[in-house]
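Student: Can we go through this model together? I'd like to start with the helix and then move on to other things.

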Amino acid sequence: MELVEADCGAASGPRAHPADVEEWQRKHTQETRHLRYRRSFADYAVLERQ
């Protein structure tokens with residue numbers, strides 16, 4: 001049987017760089033011992049007119 005951690009509700013909020021999120025995760029894990037994180041990514045595509 002697999003143990004699934006419940007979501008704690010904490011969020012890093014938007015960060016400019018993936019390393020910033022990893023640092024937040026590291027600190028959160030130290031404080032809470034949580035090991036599972038949901039990550040979402042977004043970016044922009046800029047098209048040029050021809």
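**Helix and pocket**

Tutor: Trp-24, Gln-25, His-28 and Thr-29 are the buried residues of α1. Buried means under 20% relative accessible area, with a 1.4 Å probe and protein chains only. Seen down the axis of α1, these residues line one face of the helix, because they fall within an arc of 135°, taken from the directions from the helix axis to the C-beta atoms.

Student: What are these numbers based on?

Tutor: This is a predicted model, where local features need pLDDT of at least 70, side-chain atom pairs count only at pLDDT 80 or more, and totals for chains, interfaces and linings use all residues. Residues are numbered from 1 along each chain as its sequence is written, and side-chain values use heavy atoms, leaving out hydrogens and water.

Student: How far apart are the end C-alpha atoms of α1?

Tutor: They are 21 Å apart, which agrees with the 21 Å expected for 15 residues, 18-32, at 1.5 Å a residue. The expected span is 1.5 Å times one less than the number of residues.

Student: And what does Arg-33 do just after α1?

Tutor: Arg-33 takes a positive phi of about 70° there.

Student: Back to Gln-25. What does it touch?

Tutor: Gln-25 touches Tyr-37 and Arg-39, not counting residues up to four places away in sequence; contact means heavy atoms within 4.5 Å. Gln-25 has a relative accessible area of 14%, so it is buried.

Notes. Helices (H or I, at least four residues) and strands (E, at least two) are DSSP runs, numbered from the N terminus. Buried means under 20% relative accessible area, exposed over 50%, partly exposed in between (1.4 Å probe, protein chains only).
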